[in-house]
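Biologist: I'd like a close look at the largest pocket, please, and then a wander out to what sits around it.

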Amino acid sequence: MVFWVFGYGSLVWNPGFEYDEKVIGFIKDYRRVFDLACIDHRGTPEDPARTCTLEHIEGAVCWGAAYCVRGSPEKERAAMLYLERRECEYDQKTLVDVFKETDPLRPALSGVIVFTSTPDKVSNKYYLGPAPLEEMAWQIATAVGPCGNNRDYLFSLEKAMFDIGHEDDLVIELANEVRKVLGTMAKEKKLVGSPLKPLKSQTQAQIPTVQLHLLPPEAVAMDL
C-alpha cells in the first residue's frame with residue numbers, strides 16, 4: 001500500500017513520521033496564508049497562534065514537500081493517525097496534483113493528500129480569516145503554546161522555504177514585520193537579543209529580535 005501527503009507548513013521541515021520518499025514540488029491554484037488558529041501547540045485558546053492553511057486562488061502556486069509512505073497497512077495507518085492528530089485544526093483532506101520544477105505542466109504525483117481548512121468561521125472554529133499584516137505580526141510575535149512560540153514556527157518556515165530554494169514572499173514579509181514587532185518589544189522591555197537576518201537578500205535591513213527559545217526534547221517530534 002502507498003499514500004502521499006503534501007506539506008506546506010511545519011511538515012516541510014519536520015514531518016515527524018516515518019516516510020519512504022520525499023519530493024520537493026508545488027501544487028496549483030492554492031496559496032499559503034496564515035488564517036488558521038492553533039490553540040494546542042504554538043498558542044492557547046485564550047491567545048491562539050496563527051498557522052498556515054491554503055486559500056484557493058486560480059493561477060496561484062504553493063511550494064512544499066510531498067512525502068510517500070509505503071509498506072504494510074499498519075505502517076500507513078500509523079502515519080495517518082499521527083497526521084490527523086497533529087493536523088487536528090484542519091477539517092478537510094483534499095486530493096491534489098504535485099508538480100516538479102523540471103516539468104511544471106505534467107503532474108509528477110496525483111492523488112496526493114493535503115490537509116486544508118474550510119474558510120468559514122461558523123463551520124470551522126479554528127478559522128481566523130485574514131487580517132492586516134501588522135495585526136498578524138503582533139499576534140505571531142506574542143503567541144506561545146506548549147510546543148513553543150508562534151514566531152519560531154514562522155521563522156522555521158521562512159528558513160525551510162529558503163532551504164528548498166522556493167521562498168514565499170508572504171512568509172518573508174510577515175517574518176520581517178514580526179521582527180519589527182520584536183524589536184519594539186525589546187526596546188520597551190529593555191530586553192537584549194540577537195538579530196535574525198532576512199534570508200531573501202543580503203541587502204535587506206537587519207532588524208533585531210529576541211533570541212529564539214529552545215524547545216524541550218519532548219516537543220521536537222511535534223514541532224508545529
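**The largest pocket and its surroundings**

Modeller: Going along the sequence, the chain reads β-β-β-α-β-β-α-β-β-α-α-α, which gives five helices and seven strands (DSSP runs numbered from the N terminus: helices are H or I, at least four residues, and strands are E, at least two). Bear in mind that it's a predicted model: local features need pLDDT of at least 70 and side-chain atom pairs pLDDT 80 or more, while totals for chains, interfaces and linings use all residues. Numbering runs from 1 along each chain as its sequence is written, and side-chain values use heavy atoms, leaving out hydrogens and water.

Of the chain's 224 residues, 51% are buried (under 20% relative accessible area with a 1.4 Å probe, protein chains only; exposed is over 50%, partly exposed in between). Contacts here are heavy atoms within 4.5 Å. Among contacts with a separation of 6 or more, 73% join residues 24 or more positions apart.

Now for your pocket. It holds about 300 Å³ of space. It's an open set of points on a 1 Å grid, with protein on both sides within 12 Å along at least five of seven lines, and its lining residues have an atom within 4 Å of a point. There are 19 lining residues, and Val33, Asp35, Leu54, Glu55 and His56 are the ones closest to the centre. Strand S2 (21-38) gives the largest share of the lining, with five residues. S2, S3 and S4 (92-98) each contribute at least two. By class, the lining has 10 nonpolar, six polar and three charged residues (charged being Asp, Glu, Lys and Arg; nonpolar Ala, Val, Leu, Ile, Met, Phe, Trp, Tyr, Cys and Pro; polar the others, Gly among them).

Let's stay with Asp35 for a moment. Besides being one of the residues closest to the pocket's centre, Asp35 is touched by Tyr127. Tyr127 sits in the loop between S5 and H2 and is buried, with a relative accessible area of 15%. Leaving aside residues up to four places away in sequence, Tyr127 also touches Leu36, Thr118, Pro119, Asp120 and Lys121. Take Leu36: in sequence it is 91 residues from Tyr127, yet their C-alphas are 4.8 Å apart.

S2 has another residue worth a glance. Asp29 belongs to that strand, and its phi is near 70 degrees, a positive value in a residue other than glycine. At 23% relative accessibility, Asp29 counts as partly exposed.

S2 and S3 also turn up beside H2. This helix covers residues 133-142, and its buried members are Leu133, Met136, Ala137, Gln139, Ile140 and Ala141. They pack against S2, S3 (49-70), helix H3 (150-163) and helix H4 (169-189).

The other two strands of the pocket lining, S3 and S4, help cover H1, alongside S1 (2-7) and S5 (109-116). H1 spans residues 73-86 and buries Glu76, Ala79, Met80, Tyr82, Leu83 and Arg86. Looking down its axis, these buried residues fall within an arc of 160 degrees, so they line one face of the helix (the arc is taken over directions from the helix axis to the C-beta atoms).

Conventions:
On a 1 Å grid over the protein atoms alone, a cavity is a set of points where a 1.4 Å probe fits but cannot get out, and a pocket is an open set with protein on both sides within 12 Å along at least five of seven lines; lining residues have an atom within 4 Å of a point. Grid points are joined across faces, edges and corners, and a volume is the space filled by probe spheres set on the points. The expected span of a helix is 1.5 Å times one less than its number of residues.
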